[in-house]
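Open the model in your viewer and keep a selection box handy. We will go from one stop to the next, selecting residues as we go.

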Amino acid sequence: MNALSLHYRLWLNDGRLFAVLSAAGFSLKAIFVKLAYAAAPVDAITLLAMRMGLALPLFAWLLWLSRGTGNAPLGGMDVLRILLLGMLGYYLSSLFDFYGLESISAGLERLILFSYPTLVLLFQAVALREPPSRRTLLAMGLCYAGLGIAFVHDLHLGDAGTQVLQGAAWVFASAVTYALYYFGTGRMVQRLGSMRLAGLAGGASALMVLAHYGLSRDVTQLASLPGQVWLYAALMALLSTALPIYWMALAVQRMGAAHTAAIGNLGPVLTILASWALLGEVVSLYQMAGLALVLFGVSRLRPTKSP
């Protein structure tokens, strides 16, 4: 018992436990979305508004936790950058992802989203006007070959195949916008700190989502949604939004961004296992082979900084 307690304290002190918890929390988001879609006829923007509305006080909680760290004053350009990051990272990226999950499996969604490190490197290459290295190109080739193999698992002929293509396109658009968010956090995270930036950008995006919902939907329909949908939205807000951001900040503080990102590679594995256990999604050889290639390809990339 003492040995187990010592091992747990070591994991807690060096940040590995927080990194695993963060990866697990983010991986459950797609599961909660699929469960909510199955529970009642709810559309993407309504479900996203529920998630972000419930998460708004939690983003304020992150700001409160970050007090005393990274207290650089916010200038006009800082506010504009935070609004832009909020629009890219938690508004557009989440909205596109929710649209995609209407027609593809949670496992395929996570694999497509996991391509974002390759996109970050492409954006860096364009910004620095430096061509990607041979190692980077090889790693990217492995990632997209894995996505292609896994894609066969969900692709069918006829209307279903068209829906899968559309869903995959939405999720890839989500990966692009999230990569832009990730790429844009470099200077801001140094000035403001990871947790404070997440709270500010998340709070801004929550207000954008709520404004979008208020302008495009009838707010009174929320009262008619069943309790199950509210439960899944609340679980998303807590377990797949605020807490994983907090855990990631603690992990980065203790073990650095590179090691935290490496443990984040567990995300697709956890999503596929959860989708099999909770949603009854079939895990095929195509999906496992694709997963192996994507994980190996990402492991060969130079780690990018975490937001």
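Start on the surface of this predicted model: select Leu74, Met77, Val79, Leu80 and Leu83, which together make a nonpolar surface patch of about 440 Å². Now keep only Leu83 highlighted; leucine 83 sits in helix α5. Is leucine 83 buried or partly exposed? Its relative accessibility is 38%, so leucine 83 counts as partly exposed.

Stay in helix α5, which covers residues 76–100, and show the side chains of aspartate 78 and arginine 81. The two meet in a salt bridge, with 3.7 Å from N to O. Aspartate 78 and arginine 81 are three residues apart in the helix, so about one helical turn separates them. As a reminder, an α-helix has 3.6 residues a turn, so residues three or four places apart point the same way. The partners differ in cover: aspartate 78 is buried, at 7% relative accessible area, while arginine 81 is partly exposed at 39%. The cut-off for buried is under 20%, so aspartate 78 with its 7% qualifies.

**More salt bridges**

How many salt bridges does the structure hold? There are four. For another of them, select lysine 29 and glutamate 109, whose closest N and O atoms are 3.8 Å apart. This pair links distant parts of the chain: lysine 29 belongs to helix α3 (residues 29–39), glutamate 109 to helix α6 (residues 106–113), and their positions lie 80 residues apart in the numbering. Lysine 29 and glutamate 109 are both buried. Add Asp97 to the selection, and you have a network of salt bridges linking Lys29, Asp97 and Glu109.

Next, select aspartate 43 and arginine 217. Their side chains form a salt bridge at 3.2 Å, N to O. Here too, distant parts of the chain are linked, with the partners 174 residues apart. Aspartate 43 is in the loop between α3 and α4 (44–65), and arginine 217 is in the loop between α10 (194–216) and α11 (227–263). Aspartate 43 is partly exposed, with a relative accessible area of 25%, and arginine 217 is partly exposed as well, at 31%.

**Into the core**

Hide the surface and select Tyr37, Leu47 and Phe98. These are the residues with the most contacts inside the largest nonpolar core, which has 51 residues. Colour α3, α4, α5, α9 (159–192), α10 and α11 to see the elements that give two or more residues to this core. Which element gives the most to this core? That is α4, with eleven residues.

**Along the helices**

Move to helix α2, residues 16–27. At 1.5 Å a residue, its twelve residues should span 16 Å, and the end C-alpha atoms are 17 Å apart, which agrees. Among the residues of α2 that are buried are Leu17, Phe18, Ala19 and Ser22.

For the last stop, turn to the record. The unreviewed UniProt entry annotates "transmembrane region" over several stretches, including 111–128 and 135–152. Select residues 111–128: the chain there is 89% helix and 0% strand, with its end C-alpha atoms 28 Å apart. Then select residues 135–152, where the chain is 100% helix and 0% strand and the end C-alpha atoms are 26 Å apart.

Key
Residues are numbered from 1 along each chain as its sequence is written. This is a predicted model: local features need pLDDT of at least 70, side-chain atom pairs count only at pLDDT 80 or more; totals for chains, interfaces and linings use all residues. Side-chain values use heavy atoms; hydrogens and water are left out. Helices (H or I, at least four residues) and strands (E, at least two) are DSSP runs, numbered from the N terminus. Buried means under 20% relative accessible area, exposed over 50%, partly exposed in between (1.4 Å probe, protein chains only). Patches are made of residues with over 30% relative accessible area and no salt bridge: like charges are joined within 9 Å, nonpolar side chains (Val, Leu, Ile, Met, Phe, Trp, Tyr) within 5 Å. Accessible areas come from the Shrake-Rupley method with a 1.4 Å probe; for residues, only the protein chains shown count as cover. UniProt positions are given in the numbering used here, feature names are shortened, and annotations may be inferred rather than shown by experiment. The expected span of a helix is 1.5 Å times one less than its number of residues. A nonpolar core is a set of buried Ala, Val, Leu, Ile, Met, Phe, Trp, Tyr and Cys residues joined through side-chain atoms within 4.5 Å.
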